[in-house]
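Hello,

Here is the structure I promised to pass on to you. Have a look at it first, and then read on for what turned up in it.

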Amino acid sequence: MKKITTEDLLDKPTYEKQRPAFRSAILEHKKNRRLLLGPNASLHFEDFMTMKYQVQELIRVENLTRAEDITEELEAYNPLIPDGANLKATFMIEFPDEGERRRELARLMGIEDQVCIAVQGCDPIYPIADEDLERETDEKTSAVHFLRFEFPADAIQAAKEGAPWTVRSEHTHYRHEVSPVPDPIRTSLVRDFD
(Lines give C-alpha, C1' and ligand atoms only; values in the text may rest on other atoms or scores of the structure.)
Protein backbone atom coordinates (compact mmCIF):
# COMPACT_ATOMS: atom_id res chain seq x y z
CA MET A 1 0.00 0.00 0.00
CA LYS A 2 1.20 3.50 -0.80
CA LYS A 3 2.91 5.54 1.93
CA ILE A 4 2.18 9.23 2.55
CA THR A 5 4.57 11.77 1.05
CA THR A 6 4.65 15.53 1.46
CA GLU A 7 3.06 15.79 -2.01
CA ASP A 8 -0.04 14.00 -0.65
CA LEU A 9 -0.57 16.63 2.04
CA LEU A 10 -2.46 19.89 1.77
CA ASP A 11 -1.07 23.12 3.13
CA LYS A 12 -2.87 24.42 6.21
CA PRO A 13 -5.10 27.06 4.49
CA THR A 14 -6.21 24.60 1.79
CA TYR A 15 -6.84 21.90 4.37
CA GLU A 16 -8.91 24.28 6.51
CA LYS A 17 -11.20 24.92 3.53
CA GLN A 18 -11.52 21.21 2.70
CA ARG A 19 -11.55 19.94 6.29
CA PRO A 20 -15.34 19.55 6.73
CA ALA A 21 -15.63 17.39 3.59
CA PHE A 22 -12.45 15.47 4.41
CA ARG A 23 -13.63 14.88 7.99
CA SER A 24 -17.03 13.64 6.77
CA ALA A 25 -15.36 11.24 4.32
CA ILE A 26 -12.95 9.89 6.93
CA LEU A 27 -15.75 9.28 9.45
CA GLU A 28 -17.65 7.32 6.82
CA HIS A 29 -14.48 5.41 5.86
CA LYS A 30 -13.71 4.52 9.49
CA LYS A 31 -17.13 2.90 9.98
CA ASN A 32 -15.88 -0.07 8.01
CA ARG A 33 -12.48 -0.14 9.69
CA ARG A 34 -13.59 -0.32 13.34
CA LEU A 35 -14.46 -3.64 14.93
CA LEU A 36 -15.94 -3.87 18.42
CA LEU A 37 -14.50 -6.84 20.30
CA GLY A 38 -16.77 -7.37 23.25
CA PRO A 39 -18.09 -4.49 25.35
CA ASN A 40 -14.76 -2.90 26.26
CA ALA A 41 -12.34 -3.29 23.37
CA SER A 42 -12.11 -2.32 19.73
CA LEU A 43 -9.75 -2.64 16.82
CA HIS A 44 -9.29 0.39 14.56
CA PHE A 45 -7.65 -0.82 11.36
CA GLU A 46 -5.37 1.82 9.88
CA ASP A 47 -4.64 2.57 6.23
CA PHE A 48 -3.42 5.36 3.97
CA MET A 49 -6.57 7.43 4.41
CA THR A 50 -6.75 7.18 8.23
CA MET A 51 -3.07 8.05 8.59
CA LYS A 52 -3.26 10.93 6.11
CA TYR A 53 -6.10 12.37 8.18
CA GLN A 54 -4.02 12.00 11.38
CA VAL A 55 -1.06 13.81 9.82
CA GLN A 56 -3.23 16.59 8.36
CA GLU A 57 -4.82 17.11 11.78
CA LEU A 58 -1.40 17.23 13.46
CA ILE A 59 -0.19 19.80 10.95
CA ARG A 60 -3.32 21.84 11.65
CA VAL A 61 -3.33 21.59 15.46
CA GLU A 62 0.42 21.96 15.97
CA ASN A 63 0.72 24.55 13.17
CA LEU A 64 3.56 22.63 11.52
CA THR A 65 5.14 24.43 8.61
CA ARG A 66 8.76 23.31 8.59
CA ALA A 67 9.51 20.48 6.16
CA GLU A 68 11.62 18.73 8.83
CA ASP A 69 8.70 18.63 11.28
CA ILE A 70 6.31 17.28 8.66
CA THR A 71 8.84 14.66 7.56
CA GLU A 72 9.22 13.60 11.20
CA GLU A 73 5.46 13.06 11.48
CA LEU A 74 5.43 11.06 8.25
CA GLU A 75 8.21 8.86 9.63
CA ALA A 76 6.08 8.23 12.73
CA TYR A 77 2.78 7.54 10.94
CA ASN A 78 3.79 5.77 7.72
CA PRO A 79 4.75 2.55 9.56
CA LEU A 80 1.08 2.26 10.60
CA ILE A 81 -0.02 1.85 6.95
CA PRO A 82 -0.31 -1.80 5.83
CA ASP A 83 2.19 -2.92 3.22
CA GLY A 84 0.09 -5.45 1.29
CA ALA A 85 0.79 -8.56 3.40
CA ASN A 86 -0.50 -7.36 6.74
CA LEU A 87 -3.15 -5.47 8.64
CA LYS A 88 -2.27 -2.81 11.18
CA ALA A 89 -4.60 -1.81 13.96
CA THR A 90 -4.88 0.37 17.00
CA PHE A 91 -6.28 -1.83 19.76
CA MET A 92 -8.18 0.14 22.39
CA ILE A 93 -9.37 -1.06 25.78
CA GLU A 94 -12.16 1.20 27.01
CA PHE A 95 -13.67 1.33 30.49
CA PRO A 96 -15.43 4.67 31.14
CA ASP A 97 -15.04 4.54 34.95
CA GLU A 98 -11.48 5.39 35.98
CA GLY A 99 -11.38 3.00 38.96
CA GLU A 100 -12.73 0.10 36.90
CA ARG A 101 -10.29 0.93 34.09
CA ARG A 102 -7.34 0.81 36.50
CA ARG A 103 -8.46 -2.58 37.91
CA GLU A 104 -9.16 -4.09 34.51
CA LEU A 105 -5.89 -2.94 32.92
CA ALA A 106 -4.10 -4.71 35.78
CA ARG A 107 -6.08 -7.91 35.06
CA LEU A 108 -5.62 -7.71 31.28
CA MET A 109 -1.83 -7.75 31.11
CA GLY A 110 -0.71 -9.50 27.93
CA ILE A 111 -4.04 -9.12 26.12
CA GLU A 112 -2.35 -7.44 23.16
CA ASP A 113 -0.66 -10.76 22.31
CA GLN A 114 -3.86 -12.79 22.66
CA VAL A 115 -6.03 -11.15 20.00
CA CYS A 116 -6.15 -13.09 16.76
CA ILE A 117 -7.68 -13.03 13.31
CA ALA A 118 -8.72 -16.35 11.80
CA VAL A 119 -9.58 -16.60 8.11
CA GLN A 120 -11.67 -19.74 7.60
CA GLY A 121 -9.50 -22.69 6.60
CA CYS A 122 -6.24 -21.03 7.75
CA ASP A 123 -4.25 -20.90 10.98
CA PRO A 124 -5.11 -18.01 13.34
CA ILE A 125 -2.89 -14.96 12.98
CA TYR A 126 -1.58 -13.42 16.20
CA PRO A 127 -0.17 -9.90 16.22
CA ILE A 128 3.24 -8.43 16.65
CA ALA A 129 2.38 -5.86 19.30
CA ASP A 130 3.81 -2.47 20.20
CA GLU A 131 6.85 -2.41 17.96
CA ASP A 132 7.37 1.29 18.63
CA LEU A 133 7.71 1.01 22.42
CA GLU A 134 6.80 -1.14 25.42
CA ARG A 135 3.32 -0.21 26.60
CA GLU A 136 2.99 -2.52 29.58
CA THR A 137 4.39 -1.96 33.08
CA ASP A 138 4.79 -4.40 35.96
CA GLU A 139 1.38 -3.30 37.26
CA LYS A 140 -0.82 -2.92 34.18
CA THR A 141 -1.20 -3.01 30.45
CA SER A 142 -1.86 0.11 28.38
CA ALA A 143 -5.33 1.08 27.19
CA VAL A 144 -3.88 1.51 23.66
CA HIS A 145 -1.73 -0.93 21.69
CA PHE A 146 -0.51 -0.97 18.10
CA LEU A 147 -0.84 -4.38 16.41
CA ARG A 148 0.56 -5.76 13.17
CA PHE A 149 -1.03 -8.94 11.81
CA GLU A 150 1.24 -10.61 9.23
CA PHE A 151 -0.89 -12.70 6.86
CA PRO A 152 0.65 -15.72 5.14
CA ALA A 153 -0.07 -16.18 1.44
CA ASP A 154 -2.79 -18.82 2.00
CA ALA A 155 -4.74 -16.54 4.37
CA ILE A 156 -4.48 -13.61 1.93
CA GLN A 157 -5.73 -15.80 -0.91
CA ALA A 158 -8.63 -17.17 1.17
CA ALA A 159 -9.51 -13.64 2.31
CA LYS A 160 -9.54 -12.38 -1.28
CA GLU A 161 -11.79 -15.30 -2.26
CA GLY A 162 -14.34 -14.25 0.35
CA ALA A 163 -13.67 -16.70 3.19
CA PRO A 164 -15.32 -15.64 6.48
CA TRP A 165 -13.18 -14.19 9.26
CA THR A 166 -13.30 -14.49 13.02
CA VAL A 167 -11.60 -12.06 15.39
CA ARG A 168 -11.23 -13.05 19.01
CA SER A 169 -9.59 -12.23 22.30
CA GLU A 170 -8.31 -15.34 24.05
CA HIS A 171 -7.26 -13.59 27.26
CA THR A 172 -8.46 -15.43 30.39
CA HIS A 173 -10.19 -12.30 31.70
CA TYR A 174 -11.55 -11.05 28.38
CA ARG A 175 -12.84 -13.82 26.11
CA HIS A 176 -14.83 -12.34 23.27
CA GLU A 177 -15.31 -13.24 19.62
CA VAL A 178 -16.72 -11.65 16.49
CA SER A 179 -17.72 -14.36 14.03
CA PRO A 180 -18.14 -13.77 11.24
CA VAL A 181 -16.61 -10.33 10.86
CA PRO A 182 -19.33 -8.22 9.14
CA ASP A 183 -18.94 -8.15 5.35
CA PRO A 184 -18.46 -4.36 5.01
CA ILE A 185 -15.51 -4.49 7.45
CA ARG A 186 -14.04 -7.66 5.93
CA THR A 187 -14.33 -6.20 2.41
CA SER A 188 -12.63 -2.97 3.49
CA LEU A 189 -9.77 -4.88 5.12
CA VAL A 190 -9.24 -7.19 2.14
CA ARG A 191 -8.39 -4.07 0.10
CA ASP A 192 -5.28 -3.70 2.29
CA PHE A 193 -3.84 -6.76 0.54
CA ASP A 194 -3.73 -5.01 -2.85
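How many disulfides does the count come to? The count comes to zero. Please keep in mind throughout that this is a predicted model.

The cysteines make a good starting point. Cys116 takes part in no disulfide, and the nearest cysteine sulfur, that of Cys122, is 13 Å away. Seen from the other side, the sulfur of Cys122 has its closest cysteine sulfur in Cys116, and 13 Å is too far for a bond, because a disulfide needs the two sulfur atoms within 2.5 Å. Cys116 is buried, at 0% relative accessibility. Cys122 is buried too, with a relative accessible area of 16%.

Next, the aromatic rings. The structure holds four aromatic pairs. In one of them, the ring centres of Phe151 and Trp165 are 5.8 Å apart and the planes meet at 40 degrees, so this pair is tilted. It links distant parts of the chain: Phe151 sits in the loop between strand S6 (144-150) and helix H5 (153-160), while Trp165 belongs to strand S7 (residues 165-171), and the two are 14 residues apart. Phe151 is buried, with a relative accessible area of 5%, and Trp165 is buried as well, with 1%.

Phe151 also pairs with Phe193: their ring centres are 4.8 Å apart and their planes are at 55 degrees, so this pair is tilted. Phe193 lies in the segment after helix H6 (183-190) and Phe151 in the loop between S6 and H5, so the pair ties together parts that are 42 residues apart in sequence. Phe193 is buried, with a relative accessible area of 5%. Elsewhere in the list of rings, Tyr15, Phe22 and Tyr53 form one aromatic cluster.

Finally, the nonpolar cores. The largest nonpolar core has 35 residues, and those with the most contacts inside it are Leu87, Phe91, Val119, Phe151 and Trp165. Among the elements that give two or more residues to this core are strand S2 (41-45), strand S3 (86-93), strand S4 (115-119) and strand S8 (174-178). S6, H5, S7 and H6 do so too.

Which residues does Leu87 touch, not counting residues up to four places away in sequence? Its contacts include Phe45, Ile117, Leu147 and Leu189, along with Phe151, Trp165 and Phe193 from the ring pairs above. Arg148 and Asp192 are also touched by Leu87. Apart from the largest core lies another core, of twelve residues, among them Phe48, Met51, Ile70 and Tyr77.

Enjoy exploring it!

Best wishes

Definitions and conventions
Residues are numbered from 1 along each chain as its sequence is written. This is a predicted model: local features need pLDDT of at least 70, side-chain atom pairs count only at pLDDT 80 or more; totals for chains, interfaces and linings use all residues. Side-chain values use heavy atoms; hydrogens and water are left out. Rings of Phe, Tyr and Trp (its six-membered ring) pair if their centres lie within 6.5 Å; planes under 30 degrees apart count as stacked, over 60 as edge-to-face and the rest as tilted. Helices (H or I, at least four residues) and strands (E, at least two) are DSSP runs, numbered from the N terminus. Buried means under 20% relative accessible area, exposed over 50%, partly exposed in between (1.4 Å probe, protein chains only). A nonpolar core is a set of buried Ala, Val, Leu, Ile, Met, Phe, Trp, Tyr and Cys residues joined through side-chain atoms within 4.5 Å. Contact means heavy atoms within 4.5 Å.
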